[in-house]
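Visitor: I'm new to reading protein structures. Please show me around this one.

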Amino acid sequence: MMTTTKMLGRFALVLVFSAILPPPAGSQELTVAAASDLTFPLKEIGPLFERVNGVKITFIFGSTGNLAKQIEHGAPVDVFFAADVGFVDHLKRKGKTIPESQTLYAQGRIVLATAKQTGLALTELGDLLRPEVRRVAIANPSHAPYGRAAREALESVGLWERLRPKLVYGENIRHALQFVQTGNAEAGIVALSVADVPEVSYALIDQALHKPLSQMAAVVKRSPRPDLALAFIQFVNGPRGRPIMKRYGFLLPGDF
């Protein structure tokens, strides 16, 4: 894996040859597009970075696939935190990111979430077949990595086709969680990082049932402040960001 020193060196060359000038005084703002599973940790990490660097961060949270599509079509974003490596690689192939900035920052987990108001105790995927469970919420697998992982897990235990009539799809993982929080779905498969809310109980799902949810960030090539964007990626991966990410259940680089 490329060391931080080498990555910074190559990144500096990109800046020189691209003739990207540093942002003028008074324009220290950063727009961060991030997968919805990062809503809670980045809302803690962002203010820390703002105080240290005198910068204002605007977060745009959504499904990784939809955010990637917006960036590909020119959305004014400085840095992209994806819940899946594949979407970042796609943007690199399209020439939309600075390749040297690509950085793994976490690996996610999925959980079986149950609405507490139902009084149900669901601990394994097979429990979703119970007649009391009428609706099961997941993020849309077509553009949400956590939804795809949910589908893979259900397929691994032979339940996907049997449960399809019960499935309701959230636009992103936070939307899927809201179905469970409000009781509009008795259960769901969501990200561990968003599951610790008062209305929900949850049980971890075996990681072996789905492909790893390896998550990657990258600086968007059109950003007028790529140095600041890279600094934020490093901050999330550094001593201030890592404990927060870990607290929300993410596995961190070096641990996977």
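Guide: First, a bit of vocabulary: helices (H or I, at least four residues) and strands (E, at least two) are DSSP runs, numbered from the N terminus. This is a predicted model, where local features need pLDDT of at least 70, side-chain atom pairs need 80 or more, and totals for chains, interfaces and linings use all residues. Residues count from 1 along each chain as its sequence is written, and side-chain values use heavy atoms, without hydrogens or water. The secondary structure here comes to 10 helices and 10 strands.

Visitor: Is Gln 178 buried, partly exposed or exposed?
Guide: Gln 178 sits in helix 7. Buried means under 20% relative accessible area and exposed over 50%, with partly exposed in between (1.4 Å probe, protein chains only). Because its relative accessibility is 37%, Gln 178 is partly exposed.

Visitor: How far apart in space are Gln 178 and Glu 199, C-alpha to C-alpha?
Guide: In sequence, the two are 21 residues apart. In space, the C-alpha to C-alpha distance is 9.7 Å.

Visitor: What share of the protein's contacts between residues at least 6 apart in sequence join residues at least 24 apart?
Guide: Contact means heavy atoms within 4.5 Å. Among contacts between residues at least 6 apart in sequence, the share joining residues at least 24 apart is 77%.

Visitor: What is the order of strands in the open sheet of five?
Guide: Two strands pair if DSSP finds at least two bridges between them. The pairing in this sheet is mixed, and its edge strands, 7 (167–170) and 9 (200–204), each pair on one side only. Reading across, the order is 7-6-8-5-9.

Visitor: Which residue in strand 7 stands opposite Val 136?
Guide: Strand 6 (residues 136–139) pairs with strand 7 in the parallel sense, over four bridges. Opposite Val 136, in strand 7, stands Leu 167.

Visitor: Which strands does helix 7 touch as it packs on the sheet?
Guide: Helix 5 (residues 145–156) packs on this sheet too, touching strand 5 (110–115), strand 6 and strand 8 (187–191). Helix 7 (residues 173–181) touches strands 5, 6, 7, 8 and 9.

Visitor: Why are the buried residues of helix 3 on the same side, and what arc do they cover?
Guide: The buried residues of helix 3 (residues 64–72) are Thr 64, Gly 65, Leu 67, Ala 68 and Ile 71. What covers them includes strand 1 (29–35), strand 2 (56–62) and helix 4 (85–93). The arc is that of the directions from the helix axis to the C-beta atoms. They share one side of helix 3 because they cover an arc of only 165°.

Visitor: What is the bridge partner of Glu 29 in strand 2?
Guide: Strand 1 is mostly covered, with six of its seven residues buried. It runs parallel to strand 2, and seven bridges join the two. In strand 2, the partner of Glu 29 is Lys 56.

Visitor: Which helix gives the most to the largest nonpolar core?
Guide: A nonpolar core is a set of buried Ala, Val, Leu, Ile, Met, Phe, Trp, Tyr and Cys residues joined through side-chain atoms within 4.5 Å. The largest here has 71 residues, and those touching the most other members include Leu 30, Leu 128 and Phe 232. With seven residues, the top contributor is helix 9 (226–236).

Visitor: How many residues are in the other core, the one with Ile 71?
Guide: This core lies apart from the largest one. Among its members are Ile 71, Met 216, Ala 218 and Val 220, and its residue count is 13.

Terms used:
Axes fitted to C-alpha atoms, helices over the stretch in contact; angles between N-to-C directions.
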